Amino acid sequence: MSRDYRRASLARATPRRGKQGRSCLWWFLFGGMLGAFGVGLYWTQNPDAMQTTPAVVPAKIERPAAAPPSFEFPNLLRDTEVDIAPPPPPPPAAPRPEPPATADTVQPTPAVPTSSNGKGYLVQVGSFRRASDAERLKAELALLGISSRVEKATIPSGETYHRVRTGPYADQAALDKVRALLKRNGKDAMTIPVK
């Protein structure tokens, strides 16, 4: 004959929580009743503990009426005269002396000869996706004394680039002069021959 082990394992595994919850409730009620009984017993043994003494109300003290405040400000305004004449103009500023020229002063670079016939060399200083970056580099080059322009170019993949270029320069000496100036100021450049 087969035996059903499943029901026996469920019966053993399930704890009886309902009985524990009720026993805690009974202990709580029993403690409350025991405390109430103790308080009642104390009151019957000491009848003075139940009586409260009436609180003494202090007698109201009569204060004299406060004197109205006196303000000095209206009197001060009435008695003070204010001169509202415009102040005299400031003296003219003395001319500033010109600072002496030193060797550390950056002199703008003289103009480099450019090619008039369109042949020579172009120098590309940068290529950017955003036009604002190209304009920023163009402004930096202008501070160095190099005239440049921004050319818009679309590559075969459809992306648009903004190229910062300068030139065309007529000969190799002019090109080397511009590239040296760019290198001294931390700018890399690419030379493009124009035919």
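I looked up the accessible surface of the protein chain first: about 17,400 Å² is exposed, with carbon and sulfur atoms supplying 60% of it (areas by the Shrake-Rupley method with a 1.4 Å probe, where for residues only the protein chains shown count as cover). I note that this is a predicted model, in which local features need pLDDT of at least 70 and side-chain atom pairs count only at pLDDT 80 or more, while totals for chains, interfaces and linings use all residues. Residues are numbered from 1 along each chain as its sequence is written, and side-chain values use heavy atoms, with hydrogens and water left out.

Next I checked burial, and found that 15% of the 195 residues of the protein chain count as buried (under 20% relative accessible area; exposed is over 50%, partly exposed in between, 1.4 Å probe, protein chains only).

I then turned to the largest nonpolar core, which has 14 residues (buried Ala, Val, Leu, Ile, Met, Phe, Trp, Tyr and Cys joined through side-chain atoms within 4.5 Å). Strand 1 (120–128), helix 4 (131–144), strand 3 (160–169) and helix 5 (172–184) each supply at least two residues of this core (DSSP runs numbered from the N terminus: helices H or I of at least four residues, strands E of at least two). Helix 5 gives the most, with 5 residues.

For Val-125, leaving aside neighbours within four places in sequence, I listed the contacts, among them Leu-137, Leu-141, Val-164 and Leu-182 (heavy atoms within 4.5 Å).

Last, I looked at Phe-28, which is found in helix 2 (residues 17–45) and counts as exposed because its relative accessibility is 64%.
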